[in-house]
Amino acid sequence: MTTAIYPGSFDPITNGHLDILKSGSEIFDKVIIAVSYNIEKKGFLSVEKRVELIKESVKDLKNVEVDSFEGLTVDYAKKRGTHVLLRGLRTSSDFEYELQLSQTNNYLSKDIKTVFLITKPEYNFISSSMVKEIMKNNGDFKQFVPDPVYKYLSNCDI
Ligand code: ADP
């Protein structure tokens, strides 16, 4: 049985993240989507809220678990008993960053393997920061995020 960890900030989760997660859940026996956080860095949404919104957004995916962790991803993977990480790729700039991250993780833990899935063209330009920017400026971001995220962000005054 192969479990993959899908780590990220997910601040908030977008349809692009969800697409990678769905594909990952078809490949692996189980995928743990894990919000990585740093107590010194305040995010846009609290970690608890990010986890809650992800849970609501993935409730139909039976082999997906939602969690959060602080510290190194390789340590979290070890703790969860796996050596497989899942990440998504959009553009060549993602590639540069992900290459560095993947090689660093490999340096820290020899067993770790990162599997990359390429996003569908329609999700290519979606990012959490773009969603936040549109939201703060009262634009329409409905098609970029899962319904629970849209409902929450449309009704809160962050
Ligand atoms: P991080 O801060 O760790 O980069 P993100 O939440 O920004 O966390 O992204 C988590 C993962 O999801 C990364 O691998 C990122 O490239 C991928 N990702 C982000 N947005 C998209 C998207 N629109 N389509 C596919 N993958 C995406």
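This section describes the nonpolar cores, several individual residues and the salt bridges of a predicted model.

The largest nonpolar core of the model contains 33 residues. Within this core, the residues with the most contacts are Tyr6, Leu21, Ile33, Ile54, Val58, Leu86 and Leu153. Two or more residues each are supplied by strands E1, E2 (30-37), E3 (64-70) and E4 (84-89), and by helices H1, H2 (47-57), H5 (128-136) and H6 (147-154). Helix H2 makes the greatest contribution, giving four residues to the core. A second core, separate from this one, has nine residues, among them Ile5, Phe69, Ala77 and Leu85. In soluble globular proteins, nonpolar side chains tend to be buried together.

Leucine 21 illustrates the contacts made by a residue of the largest core. Apart from residues up to four places away in sequence, leucine 21 touches Tyr6, Val31, Ile33, Val58, Leu61 and Val64. Of these partners, Tyr6, Ile33 and Val58 are also listed with the residues that have the most contacts inside the core.

The buried residues of helix H2 are not restricted to nonpolar types: Lys49, Arg50 and Ser57 are buried in this helix, as are Val47, Val51, Leu53 and Ile54. The elements covering the buried residues of H2 include helices H1 and H6 and strands E2 and E3. An α-helix has 3.6 residues a turn, so residues three or four places apart point the same way. In H2, the buried residues include Val47 and Arg50, and also Leu53 and Ser57.

Aspartate 11 is located in the loop that runs between strand E1 (3-8) and helix H1 (15-27). Aspartate 11 counts as buried because its relative accessibility is 7%, which is under the 20% limit. A polar atom of the aspartate 11 side chain lies 2.9 Å from the backbone nitrogen of leucine 45. When neighbours within four places in sequence are left aside, the contacts of aspartate 11 are Gly43, Phe44, Leu45, Arg50, Ser128 and Lys132. One of these residues, Arg50, is among the buried residues of H2.

Lys132 is also a salt-bridge partner of aspartate 11, with 3.8 Å between the closest N and O atoms. This pair links distant parts of the chain, since lysine 132 lies in helix H5 and aspartate 11 in the loop between E1 and H1, 121 residues apart. Lysine 132 has a relative accessible area of 15% and is therefore buried.

In total, ten salt bridges are found in the whole structure. A further example joins the side chains of arginine 87 and glutamate 98, at an N to O distance of 2.8 Å. Arginine 87 belongs to strand E4 and glutamate 98 to helix H4, so this salt bridge ties together parts that are eleven residues apart in sequence. Arginine 87 and glutamate 98 are both buried. In another salt bridge, the side chains of aspartate 94 and arginine 90 meet at 2.8 Å, N to O. Aspartate 94 counts as buried because its relative accessibility is 11%, whereas arginine 90, at 36%, counts as partly exposed. Salt bridges with shared partners also join Lys30, Glu65, Asp67 and Arg80 into one network.

Helix H4 (residues 92-108) includes leucine 108 and asparagine 105. Asparagine 105 has a relative accessibility of 11% and so counts as buried. Beyond its neighbours within four places in sequence, asparagine 105 is in contact with Val74, Leu85 and Ile112. Among these contacts, Leu85 is a member of the second core. Leucine 108, by contrast, is partly exposed because its relative accessible area is 42%. Leu108 forms a nonpolar surface patch with Leu72 and Tyr107, and together the three have about 360 Å² of accessible area.

Valine 145 is placed in the loop between H5 and H6. Valine 145 counts as buried because its relative accessibility is 2%. With residues up to four places away in sequence not counted, valine 145 touches Ile13, Thr14, Asn15, Val131 and Tyr150. The C-alpha atom of valine 145 is separated by 17 Å from that of valine 66, and the two residues are 79 residues apart along the chain.

Notes. Residues are numbered from 1 along each chain as its sequence is written. This is a predicted model: local features need pLDDT of at least 70, side-chain atom pairs count only at pLDDT 80 or more; totals for chains, interfaces and linings use all residues. Side-chain values use heavy atoms; hydrogens and water are left out. Buried means under 20% relative accessible area, exposed over 50%, partly exposed in between (1.4 Å probe, protein chains only). A polar contact is a pair of N or O atoms within 3.5 Å; within protein, one must be able to donate a hydrogen and the other to accept it, and residues adjacent in sequence count only if both atoms are side-chain atoms. Contact means heavy atoms within 4.5 Å. A nonpolar core is a set of buried Ala, Val, Leu, Ile, Met, Phe, Trp, Tyr and Cys residues joined through side-chain atoms within 4.5 Å. Patches are made of residues with over 30% relative accessible area and no salt bridge: like charges are joined within 9 Å, nonpolar side chains (Val, Leu, Ile, Met, Phe, Trp, Tyr) within 5 Å. Accessible areas come from the Shrake-Rupley method with a 1.4 Å probe; for residues, only the protein chains shown count as cover. A salt bridge is a side-chain nitrogen of Lys or Arg within 4 Å of a carboxyl oxygen of Asp or Glu.
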